[in-house]
Structure formats: structure tokens, C-alpha cells
Amino acid sequence: MEKFNVGILGGTGMVGQRFIALLENHPWFNVTTIAASPRSAGRTYEEAVEGRWKMDTPIPESVKNIVVKDVMDVEGVTKDVDFVFSALAMSKDEIKELEEKYAKTETPVVSNNSAHRWTPDVPMVIPEINPEHLEVIPYQRKRLGTKRGFIAVKPNCSIQSYTPVLAAWKEFKPYEVVVSTYQAISGAGKNFKEWPEMEGNIIPFISGEEEKSEKEPLRVFGKVKKGEIVPADNMIITSQCIRVPVLYGHTATVFLNLRKDASKKELIQALREFKGKPQELKLPSAPKHFIQYLEDDDRPQINLDVNYENGYGVSIGRLRKDKLFDWKFVGLSHNTVRGAAGGGVLCAELLVAEKYIEKK
């Protein structure tokens, strides 16, 4: 396969950096263009992120000398790329408008941002769970007046550690879910050097997260009807979201009721056997096993499990009966890999495999 030339919008921020790190030596995608704010434009990428490169691995040699473009120069950014990943740090309205401008240049946009998650004809995809939502893209193209351009988004990082479980247990019909998420500081785009007040601290509020945690899974589980995605109405989710002093990894504690009885053995088996299109198609970034179940009482742990399947997998443990609900469990996912940039990369791989993204 001839590699796709890829652009990164917002390439100097934490999620943009994660995109660049994940795409180093990618078999399908080659980062050729990086765009950011006017402050960074005109400098080499190495110069633009000097003193603020946040990944554990070094800046890839292949991008160090790329001259950063102004993200507002839509024509200039899209000139030599087949599609773009979006990790913009702007207001929701600004992102919404700008991503549509990019799509209207006939450039597909695979976005990590929340701006278009509730646009009815924009698919919001966890590739293993709802790949059929890509079917709305032709309707979106008709609205935008494009033949090739469109926008696809991935859901919020906070839902990744429990929504796959609800999908794996679909046959048992979960209908009431209480979830608390314990979210890493990198979810706010920061590390401990930039946010020293988080050391040894917990903040019991993350703006907008609880609404996303409660509503976005319902859209993921929704149906495509008349060119739009209609959210599911057979489940109620209530949540609390808390910022905790860890760098990577969102943990969730979940209580839930099922309409259909199931044994612990059946539930664990459903987790371990759950797979989807990425596994069937053997996409480059797809985890071989999407969900692992850990038997030890003290797992999953961030230090031991956050990088399961290179951060693309989800770890579950402590499944047990509850006194008020049917079951309870603990989940863990990597918030900047599966939950952010990696989820975008996997989504783009699916879009290529399904012929929604093709070479210009």
C-alpha cells in the first residue's frame, strides 16, 4: 500500500504530540504536514515544541524539521495531504467551523475534538463497537457539498474504560449504570511539571465530563436512521468524574443492572471473547485482544496495566455481585492512546479499510 500523507491540526499540544508519536513508522500513514496556532507557525516542529514535548519517547526524527503551518491557512495545510487528524485547542464553535472548512476542501477530518460529537450526520466511533455508524458519511457529504471530504470523530476519553464492557454484555441488556471515573491529569493536556498542585491532590470536578460520560455511550449505541444517528434510549447512565494525581490512565468504578440474568463466568467470557471490525480486518493498531479480564483482586492498576496492548486495549477487574445492583467492576483505559489520539488512528485505519478515505 502506498502511504497516505497525513496532516495534524493542533500538532504542538499533548494530543497532537501523541498523534505524532503513534504515527512514527506507521505502515499506512506518513505525517507530512503539521499545523498549529500562528504563534508556532513558521518554526520547525522541533523549535515549536522546545521545552514542552510531553511524550516519554523522543520527537521522531521524521518530523523535527517539518515547518509548522498556520492552522487557519486551510488551503495551504490541505494542499499536500490525503486527510488530517484534528487535535485543536480552540472554542467548540471555532473548532466546529474550522473542521467543516477543512472537510469542504475535500479533505477527510478525523477528530479528537468534541465539537461535532452531536452533529447528527457525523459518526462518533469506537471501531470495535459501532463501525456501522460510518454509513452516515454519504449523507454528511451531501450536506457539506463534498465528494470526498467529511468529518468523523471519536468519543470522549472518559467513556473508554466502561463503554466496551456494556457493548460486550449487550446480550444481557444493561439498563441502569452508575459510574465514577478517576481521570489522569494528561486528560487536561498537562503533566505534573505544569500542574504541581495536583500532586497528592484530588479535584472532584472536571468541567463537562459528567454530561459526556452519561450521554456519549448512548450515541455510540444508537442506530442509523434516515442518514442520522439516533441515540439509544434503553439505558440510563449517571456519573461522577474526578481528577486524580496520575499522569496516564482513566479508571472507572461501575455498578449496573442487567435485564437478563448472567453468571460471572458468562460475563467474563463475553469480555474476553469480544472483538470487532479492527480485529477481523487486522488493522495495524488494533489490539489483538480488545478487553482483558484480570483475576487478581488488586487489578487493574495503572502502573501494571495502562499500556495493555500498547495502550489500545481495555483492562477490567473486580467483577462481583452487589447488594444494591446486579454487578460491579473496575475498568481502566489509556486516556491519550485508546481514549484520544490512538482512538483516532484506529478510526482512520477503519475508514481507509472501508474505502471512506482514499488517496487524493
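In this predicted model, the count of salt bridges comes to 17. One of them joins the side chains of Glu 194 and Lys 54, with an N to O distance of 3.2 Å. Glu 194 sits in the loop between β7 and α8, and Lys 54 in the loop between α2 (45-48) and α3 (61-64), so this pair ties together parts that are 140 residues apart in sequence.

Two open sheets are described next, with their strand orders and edges in the table.

| Strand order | Pairing | Edge strands |
|---|---|---|
| β3-β2-β1-β4-β5-β6 | parallel | β3 (69-70) and β6 (151-153) |
| β10-β7-β11-β14-β13-β12 | mixed | β10 (236-243) and β12 (291-294) |

The parallel sheet is open and has 6 strands. Its edge strands, β3 and β6, each pair on one side only. Strand β2 (residues 29-36) runs parallel to β3, and the two pair over 2 bridges. Within this part of the sheet, Ala 36 stands opposite Asp 70 of β3.

The mixed sheet is also open and is built from 6 strands. β10 and β12 form its edges, each pairing on one side only. From one strand to the next the twist averages 20 degrees. At the β10 edge, strand β7 (residues 174-183) runs parallel to β10 and is joined to it by 8 bridges. Val 178 has Thr 238 in β10 as its bridge partner.

Helices pack on this mixed sheet. Helix α8 (residues 209-220) lies across β7 and β10, and its direction makes about 145 degrees with β10. Helix α9 (residues 264-273) touches β11 (250-258), β12, β13 (314-321) and β14 (327-333). The direction of α9 makes about 145 degrees with that of β12.

A further contact is between two helices. The axes of α1 (residues 14-22) and α12 (residues 337-353) come within 9 Å and cross at roughly 55 degrees. That angle makes α1 oblique to α12. The crossing of α1 past α12 is right-handed. From α1, the residues Val 15, Arg 18, Phe 19 and Leu 22 take part; they meet Val 337, Ala 340, Ala 341, Gly 342, Gly 344 and Val 345 of α12. By class, the residues of this contact divide into 7 nonpolar, 2 polar and 1 charged.

Terms used
Residues are numbered from 1 along each chain as its sequence is written. This is a predicted model: local features need pLDDT of at least 70, side-chain atom pairs count only at pLDDT 80 or more; totals for chains, interfaces and linings use all residues. Side-chain values use heavy atoms; hydrogens and water are left out. Two strands pair if DSSP finds at least two bridges between them. Helices (H or I, at least four residues) and strands (E, at least two) are DSSP runs, numbered from the N terminus. Axes are lines fitted to C-alpha atoms, for helices over the stretch in contact, and angles run from 0 to 180 degrees between N-to-C directions. Contact means heavy atoms within 4.5 Å. Angles under 35 degrees count as roughly parallel, over 145 as roughly antiparallel, 65 to 115 as roughly perpendicular and the rest as oblique. A crossing is left-handed if the near helix is turned anticlockwise from the far one by less than a right angle, and right-handed if clockwise. Ala, Val, Leu, Ile, Met, Phe, Trp, Tyr, Cys and Pro count as nonpolar, Asp, Glu, Lys and Arg as charged, and the others, Gly among them, as polar. A salt bridge is a side-chain nitrogen of Lys or Arg within 4 Å of a carboxyl oxygen of Asp or Glu.
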